[in-house]
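Trainee: I would like to go through this model with you, one question at a time.
Mentor: Go ahead.

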Amino acid sequence: QSKPVVAVGVVSYGIYLWHISMLQHVEARLDLAGAQLPVLAAVGLALSYLVALASYVLVEKPALALKDRVPATTAAPS
């Protein structure tokens with residue numbers, strides 16, 4: 001497996017969650033016209049990856065670590 005592909009796979013859900021907001025942010029800040037769509041896409045994707053990585057490290061990993069510390073509960077009998 002390729003390390004860059006695995007790195008993207010680890011944060012892929014975060015990229016999915018953040019990409020629209022990041023594209024809108026970049027478009028508003030850089031005031032890009034339609035002809036500059038490749039620039040918008042490249043900067044937006046890079047920013048989406050960085051925000052998704054931060055989200056993974058600061059939110060997702062700590063939350064996943066909690067599942068190992070909290071005992072599983074069973075459903076109440078019906």
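Trainee: What percentage of the residues of the chain count as buried?
Mentor: This is a predicted model, and the value is computed over the 78 residues of the chain. A residue counts as buried under 20% relative accessible area. The share that meets this cut-off is 14%.

Trainee: How much of the accessible surface of the chain belongs to carbon and sulfur atoms?
Mentor: The accessible surface comes to about 6,300 Å². Of that area, the carbon and sulfur share is 66%.

Trainee: Which elements does the chain run through from the N terminus on?
Mentor: The chain has 3 helices and 0 strands. From the N terminus on, the order is therefore written with helix symbols alone. It reads α-α-α.

Trainee: Is helix 2 parallel, perpendicular or oblique to helix 3?
Mentor: Helix 2 covers residues 12–30 and helix 3 covers residues 37–69. Their axes come within 8 Å and cross at roughly 135°. Angles over 145 degrees count as roughly antiparallel and 65 to 115 as roughly perpendicular, so this crossing makes helix 2 oblique.

Trainee: Is the crossing of helix 2 and helix 3 left-handed or right-handed?
Mentor: The two axes cross at roughly 135°. The handedness of the crossing of helix 2 and helix 3 is right-handed.

Trainee: How many residues of the contact of helix 2 with helix 3 are nonpolar?
Mentor: Helix 2 contributes residues including Trp-18, Met-22 and Glu-27, and helix 3 contributes residues including Leu-47, Tyr-49 and Ser-55. The contact residues include 6 polar and 1 charged. The nonpolar ones number 12.

Terms used
Residues numbered from 1 in each chain as written. Predicted model: local features only at pLDDT ≥ 70, side-chain atom pairs only at ≥ 80, totals over all residues. Heavy atoms only, no water. Axes fitted to C-alpha atoms, helices over the stretch in contact; angles between N-to-C directions. Helix = DSSP H or I, 4+ residues; strand = E, 2+ residues; numbered from the N terminus. Parallel < 35°, antiparallel > 145°, perpendicular 65-115°, else oblique. Left-handed = near helix turned anticlockwise from the far one by under 90°. Contact = heavy atoms within 4.5 Å. Nonpolar A, V, L, I, M, F, W, Y, C, P; charged D, E, K, R; others polar. Buried < 20%, exposed > 50% of the residue type's maximum accessible area, 1.4 Å probe, protein only. Areas by Shrake-Rupley, 256 points an atom, 1.4 Å probe, with all protein chains shown as cover.
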